[in-house]
Amino acid sequence: MYVRKNQRDLTRTERRRYVAAVLELKRTGVYDRFVRTHIEYYTADGDTGLRVAHMGPSFLPWHRRFLLDFERALRKVDPSVSVPYWDWTRDNSPSSSIWGEDFMGGNGRRGDLQVMTGPFAYRNGNWDINVGVTDVEFLTRDFGRPHQPVSLPTARDLARAEADPVYDAAPWNSVATEGFRNKLEGWGQGTGVERWRNHNRVHRWVSGLMLGGGSVNDPVFWLHHSFVDLVWSRWQRRNPSARYLPAESSSRNASGSRAVGREQRMPPWNVTPASLWDHSGIYRYQS
Ligand code: CU
Ligand code: CU
């Protein structure tokens, strides 16, 4: 059993070791395999087949397992490392320490949005974008998207999601208006920036490569999803009798896609949402 810490509490040494382990996975090509997997599973409501990683109830267990795989790879490089979490309700400014030169690096520059500082800046030679959905070869960010402003979710925004005691609800996709899962995943109604809530809104706020299927190319992806997983974990503790829903795979929607049921296999692994419900034997979160 190991601990996942708040990134703001890491010592300078812990920050350095985490970054070094990530860079080592990048150097050996392991990192880019994670990018590729995420792109492959970036499906939407309208796609056919199983909606396994996004826009469906298995969004949370799928990313829990995805993080565990990444963490296992990191810990092979350095057993002292785990994936820290970024509480974006608290560290919500471009000057927060998460964006420091010794950690995630800062915002992209004007024009091409290229990140120029930190270990993941292209110009420092260790972070080429090899697998993406666009041709960009450097890490990009555009904090708050000034041309279409969006703010990070607040503690109140998050509390609204956490207050829902039911895990998920029909139609089990991005238009579900009830259920904890979509309120946290964050597909909202309407137009404008209100469409993006909680988890989705954070991808939007960082912007650049954090948008879309290639978001794993930004190493802050893992810290963001570590916090999303923490929020789920906290919700599970507050709702001890809650269970993953739906129990059975949902029926196909108009375009033929289905949600993953509780005991159904969740590709690319041979695991079920039920088997990922309880993480307490593997890691815990330090508050
Ligand atoms: Cu994802
Ligand atoms: Cu995400």
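This is a short chat about reading a copper site and a cavity in a predicted model.

Biologist: What should I know before I start?
Modeller: The model is predicted, so local features need pLDDT of at least 70 and side-chain atom pairs count only at pLDDT 80 or more, while totals for chains, interfaces and linings use all residues. Residues are numbered from 1 along each chain as its sequence is written, chains are lettered from A and ligands numbered from 1 in the order written, and side-chain values use heavy atoms, with hydrogens and water left out.

Biologist: Which residues coordinate the copper ion (ligand 1)?
Modeller: Donors are N, O and S atoms within 2.8 Å of the metal (3.2 Å for Na, K and Ca); water is not among the atoms, so sites may look incomplete. Here His38, His54 and His63 each coordinate the copper ion (ligand 1) through NE2, at 2.0 to 2.1 Å. Their spacing along the chain is H-x15-H-x8-H.

Biologist: Are His38 and His54 buried or exposed?
Modeller: Buried means under 20% relative accessible area, exposed over 50%, and partly exposed in between (1.4 Å probe, protein chains only). His38 is buried at 1%, and His54 is buried too, at 6%.

Biologist: How far apart are the copper ion (ligand 1) and the copper ion (ligand 2)?
Modeller: They are 4.0 Å apart.

Biologist: How do I find empty space, and which residues line the largest cavity?
Modeller: Rolling a probe the size of a water molecule over the atoms shows where empty space is left. On a 1 Å grid over the protein atoms alone, a cavity is a set of points where a 1.4 Å probe fits but cannot get out, and lining residues have an atom within 4 Å of a point. In this model Leu60, His63, Arg64, Leu67, His225, Val228 and Asp229 line the largest cavity.

Key
1 Å grid on protein atoms, 1.4 Å probe; cavity = no way out; pocket = protein on both sides within 12 Å on 5 of 7 lines; lining within 4 Å.
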